[in-house]
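I opened the model to look up a few residues and one pair of helices. My notes follow in the order I made them.

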Amino acid sequence: MAEVAPTVERLEIAGRYVSANTVSGDFFDYLGGCNEIAIVVGDVTGHGMQGAMNAVMTDGILHSVAKGQEILSPAQLMSDLNDVLNGRLEDQMNVTMVIG
C-alpha cells in the first residue's frame, strides 16, 4: 500500500489512513504513472489479522493485474482482480472496492 502519494503534473495528491484497530482490512492505494492515476479504496471482510492479510494480498494482486494493462481500465481491473480472488478468499469473505 502506498507510503507516498505519486507525483502527477498539475495535481497535488495526499492521503491518510487511520485504522480503528491496530490492524484491519481497510486500505487505499494509488495506481498509474505519469499520464494517469487511479485511487483505490477497499475494505475486506473480517477484522484483525485475517482482514489485514487479505487486504495486503488483494492490493498486491491488484498491482500485478494493473501492470499488465497499457491503459488503466477500472472495469477490467475489477474483473481481472475478481477472477484471481475468486479462488483465493475463504467462503463468506469478500472485498468491497472502488477504483476512480
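**Entry 1: Gln-92.** I began with Gln-92, which is exposed at a relative accessible area of 76%. The model is predicted, so I relied on local features only where pLDDT is at least 70. I placed Gln-92 in the loop between H2 and strand E3 (95-99). Then I checked its backbone. Phi of Gln-92 is near 70°. I noted the positive sign, since this residue is not a glycine.

**Entry 2: the helix pair.** Next I looked at how H1 and H2 are set against each other. H1 covers residues 48-67 and H2 covers residues 74-85. Their axes come within 10 Å and cross at roughly 130°. That angle makes H1 oblique to H2, because a pair counts as roughly antiparallel only over 145 degrees. I logged the crossing as right-handed.

Which residues of H1 and H2 meet? On the H1 side I listed Met-57, Thr-58, Ile-61, Leu-62, Val-65 and Ala-66. On the H2 side I listed Leu-77, Asp-80, Leu-81, Val-84 and Leu-85. Sorted by class, the contact has 9 nonpolar, 1 polar and 1 charged residues.

**Entry 3: the loop between H1 and H2.** I took two residues from this loop, Gly-68 and Gln-69. Are they buried or exposed? Gly-68 is exposed, with a relative accessible area of 68%. Gln-69 is buried, at 14%. The cut-offs explain the labels: buried means under 20%, and exposed means over 50%.

I followed Gln-69 further. Setting aside residues up to four places away in sequence, Gln-69 touches Gln-76, Leu-77 and Asp-80. I had already written down Leu-77 and Asp-80 as H2 residues that meet H1. A polar atom of the Gln-69 side chain also lies 2.9 Å from the backbone nitrogen of Ser-73.

I took two C-alpha distances from this loop. Gln-69 and Gly-32 are 37 residues apart in sequence and 9.9 Å apart in space. Gly-68 and Asp-83 are 15 residues apart along the chain, with 15 Å between their C-alpha atoms.

**Entry 4: Ser-24 and strand E1.** I moved to the segment before strand E1 (26-32), where Ser-24 lies. Ser-24 is buried, with a relative accessible area of 17%. What does its side chain reach? I found a polar atom of the Ser-24 side chain 3.4 Å from the backbone nitrogen of Asp-26.

Inside strand E1 I picked Phe-28. Phe-28 counts as buried at 18% relative accessibility, because the label applies under 20%. I also checked Phe-28 against Leu-89, which is 61 residues away along the chain. Their C-alpha atoms are separated by 19 Å.

**Entry 5: Asp-43 in strand E2.** My last stop was Asp-43, in strand E2 (residues 37-44). Asp-43 is partly exposed, with a relative accessible area of 38%. This value falls between the 20% and 50% limits, so neither of the other labels applies.

Which residues does Asp-43 contact, leaving aside neighbours within four places in sequence? I found Gly-25, Asp-26 and Phe-27 among them. Asn-94, Val-95 and Thr-96 are also in contact with Asp-43. Asp-26 had come up before, through its backbone nitrogen and the Ser-24 side chain. For a distance, I took Asp-43 to Leu-31. They are 12 residues apart in sequence and 17 Å apart in space, C-alpha to C-alpha.

Key
Residues numbered from 1 in each chain as written. Predicted model: local features only at pLDDT ≥ 70, side-chain atom pairs only at ≥ 80, totals over all residues. Heavy atoms only, no water. Helix = DSSP H or I, 4+ residues; strand = E, 2+ residues; numbered from the N terminus. Buried < 20%, exposed > 50% of the residue type's maximum accessible area, 1.4 Å probe, protein only. Polar contact = N/O pair within 3.5 Å; in protein donor to acceptor, adjacent residues only side chain to side chain. Axes fitted to C-alpha atoms, helices over the stretch in contact; angles between N-to-C directions. Parallel < 35°, antiparallel > 145°, perpendicular 65-115°, else oblique. Left-handed = near helix turned anticlockwise from the far one by under 90°. Contact = heavy atoms within 4.5 Å. Nonpolar A, V, L, I, M, F, W, Y, C, P; charged D, E, K, R; others polar.
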